[in-house]
Amino acid sequence: MHTKKLKTKFGYFSDDDKEYVITRPDTPRPWVNVISNGDYGLVISQTGSGYSWRTHAGLNRLTRWEQDLIKDEWGKYIYIRDEESGKFWSAGWKPVCAEPEEYRCRHGVGYSQIESLNRGIRSSLLVFVPNNDPLEVWKLTLKNEGISERRLRLFTYFEWGLGAAPDWHREFHKCFINTRYDESHNAMFAAKRLWEVPTENGHWNMDWPYIAFHSSDVRPSGHDGDKESFLGMYRELSRPLAVESGNSGKRTGNSLDPIGSLAVDVELHPGEEKTICFTLGAADNQREAMRLIAKYQSTENVDNALDEVKARWRRLLSTVEVKTPDEAMNTMLNIWLKYQAISGRLWGRTAYYQTGGALGYRDQLQDSQIFLPIDSEQTKQQILLHARHQNKDGTVYHWWHPITELGLSTNMSDDLLWLPYLVNSYIQETNDRSILKCKEPFLDDSKPVSLLEHCNRAIDRVLSRFSKHGLPLIGAGDWNDGLSAVGLKWKGESVWLGHFLYKILNDHAAILQADGHKKLASLYLKRARGLRQALNKHAWDGGWYWSATKDSGEKIGSRSNKDGKIHLNAQTWSVIAGVADEKRSKQVMDVVEKQLEKKAGPLLLFPAYKIPDEKIGYLTRYSAGMRENGGVYTHAATWAVIAEAMLGRSEAAYRMFSKINPINRAMNPDEYVAEPYVTAGNIDGPESPFYGRGGWTWYSGSATWLFKAGLDYILGIRPTIDGLVIDPHIPSEWEGYKVSRRFRGSNLDIEVKNLGRVCHGVFEVEIDGKPAKGVRVVNEGVLVPPFTDGKPHKIDVVLDKSSSSKKRSLK
């Protein structure tokens with residue numbers, strides 16, 4: 001029996017949660033899927049629009065696309081023409097926008113499938129990227145639902161980009177693209193004699209080093225490489241001349257406005273079904289292109305490749321699974337947060353609201369936390385990659401481009417600290433201290449040093465940039481890029497950075513002590529104590545921590561301010577890092593709940609800035625209530641969930657998690673407008689005329705952090721060097737929940753029973769049916785030592801009242 005889980009008027013989740021089924025094409029905004037194998041990728045919307053790239057969506061775009069979320073009319077399309085009547089439609093809704101009798105778009109894990117019924121022809125367009133090949137497959141299945149024979153002609157269509165995007169100077173770039181048709185391979189090829197990627201010397205007089213191809217497994221009856229002959233002058237994509245007339249122009253070569261188009265004829269008897277497979281890709285050379293074309297002209301190979309894609313994602317998604325009374329939480333934690341972080345953020349690094357392709361130093365380091373309980377080796381490799389993008393003075397690129405390796409050096413003050421933060425997170429998960437001895441070079445020095453030394457240099461650099469108050473300097477911005485002008489003269493201070501640094505100093509000192517570096521560990525602990533004292537002395541504003549000072553010394557995020565009176569990060573991280581004592585921790589989170597928490601979660605700041613302030617930064621130039629200026633910035637909002645759970649405020653933690661959860665937000669789709677299955681980067685706040693509107697989906701660091709907030713802090717299953725902590729902070733009405741998680745070679749099935757209908761407080765633990773031995777009480781939970789036998793184990797946990805009886809039970 002198929003149920004329509006978490007249904008709205010625009011769609012629902014499949015039974016296994018691995019598909020979101022969109023039931024009509026006119027969603028409030030384009031709802032997309034980001035599909036990538038780590039090198040090649042594509043974005044496809046529910047209308048069939050989107051774009052493709054290899055390695056870098058900004059520097060190596062295969063197909064042209066312009067950002068227009070209202071029209072959504074740039075993409076790779078298949079027109080379907082009835083040869084008898086001359087009527088035509090498209091396999092997706094765009095670009096013809098014919099009114100279908102039925103329409104479904106299934107965005108799945110690693111694929112999308114658009115199904116429709118038009119004029120008696122049922123079509124299914126399945127699009128995916130194979131695991132290890134630089135191409136995409138379009139598997140189009142057509143079925144004649146009528147009683148008469150049908151003759152159809154298919155026309156594919158897209159515009160070649162072949163380089164940096166956006167391709168705004170088309171009249172220039174089209175001069176360098178050459179297309180040709182190869183009848184013997186059912187394929188069109190495209191090459192470009194210019195690649196405008198940035199280089200160190202500014203020189204870009206080079207060939208595009210790939211060969212692009214578009215092929216069919218059926219012999220085409222026509223082809224075209226010229227936009228003018230296909231579309232016709234002054235016409236629209238909804239009615240191309242070639243499709244209206246039924247004839248391809250068969251023009252290829254140079255000096256055209258280059259497109260890719262193949263025409264394929266299909267005859268269908270009543271009830272008959274046929275499948276045609278197209279490919280689009282970018283090979284390293286002509287020989288590889290020929291091999292790939294031949295491989296995917298076999299339907300068997302196509303089906304096998306899709307099976308391999310699904311199997312890969314099953315492996316990636318199955319190492320952590322939860323079952324709670326909250327279906328929306330289950331769906332996000334089990335499938336979509338992991339998928340978004342891996343396919344969208346780590347592999348694709350692009351989407352619809354923001355196209356990209358670069359690697360952000362802080363961004364992808366944080367994203368890589370998603371791999372810790374999945375495949376920690378991937379996190380390790382990400383850490384080592386980022387270590388190679390550090391200078392020997394400890395500073396780092398803010399971001400850099402794969403392919404060219406050119407990056408942007410800035411005065412952002414937090415980027416470099418995410419390296420030791422992630423190293424600590426990796427060791428907490430794996431207890432693999434050998435990573436500290438891995439040697440990597442610097443950007444400006446090819447002599448490799450240990451990862452431990454890379455971390456030390458990052459910390460030392462930040463410690464060298466302190467104010468007279470003993471607070472770290474903010475430079476061109478801390479984690480909040482929008483504070484872009486606060487400390488350009490290196491006089492402004494950051495309270496959030498102080499909290500963050502305090503945690504890193506303590507965590508890294510523990511690593512140093514265990515590694516025998518006691519003198520440096522002692523120094524870092526001394527600096528940590530001084531920093532905590534300075535934060536509580538100078539940064540306390542009477543009811544909360546102010547956020548930063550300008551170069552002039554003027555405070556922001558302070559009671560003395562009219563706008564931006566309170567900032568979220570300075571409060572949440574005082575709790576997460578342990579800077580605030582118990583009294584102040586409760587006080588700041590009370591303020592967060594009263595002043596910042598709104599219907600869509602906690603705002604980044606409040607009230608929003610109404611007048612741009614050139615001494616604060618660009619966030620003051622956003623409209624009030626939008627993005628960082630008084631909106632819910634989802635990445636930061638997840639930290640509020642963690643802080644509430646750490647304080648034992650379980651109901652508040654779960655409430656905030658539920659408010660952020662996109663499934664819940666999208667139950668009112670006309671207000672939220674964004675996709676229900678991935679996190680939004682931001683949600684408009686109460687000072688916006690579009691209060692509750694989501695935006696900037698997919699390309700958001702919030703996916704990994706919401707996963708951690710849910711699994712590590714609400715469900716309370718989190719790793720430490722000494723073992724796995726089980727410290728639930730759940731709604732009191734829950735009867736319990738289950739978590740399966742792989743930890744240090746053992747598969748653990750954890751079942752929590754809430755017999756006392758409490759929010760937290762572990763009363764009893766059994767392992768494999770016997771009273772647990774060796775567990776330790778940790779706060780309101782327990783720490784279970786790691787298993788060394790590599791075998792599966794069952795852990796049963798009972799929550800109940802009374803901490804004293806709990807301690808007796810666990811002795």
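Two exercises on the pockets of this predicted model follow, each with a worked solution.

Residues are numbered from 1 along each chain as its sequence is written, and side-chain values use heavy atoms, with hydrogens and water left out. In this predicted model, local features need pLDDT of at least 70 and side-chain atom pairs count only at pLDDT 80 or more, while totals for chains, interfaces and linings use all residues.

**Exercise 1.** Describe the largest pocket and its lining.

*Solution.* A pocket is an open set of points on a 1 Å grid over the protein atoms alone, where a 1.4 Å probe fits, with protein on both sides within 12 Å along at least five of seven lines; lining residues have an atom within 4 Å of a point. Begin with the volume (the space filled by probe spheres set on the points, which are joined across faces, edges and corners), which is about 1100 Å³. Next, take the 46 lining residues, of which Lys-503, Ile-576, Met-646, Tyr-713 and Arg-718 are the closest to the centre. Then look for the main contributor among helices (DSSP runs of H or I, at least four residues) and strands (E, at least two), numbered from the N terminus: H19 gives the most, with 6 residues.

**Exercise 2.** Describe the second largest pocket in the order used above.

*Solution.* The space in the second largest pocket is about 700 Å³. Of its 31 lining residues, Arg-345, Gln-354, Asp-363, Asp-481 and Tyr-699 are the closest to its centre. Finally, helix H7 (361–367) is one of the elements that supply at least two lining residues, and H7 gives the most, with 4 residues.
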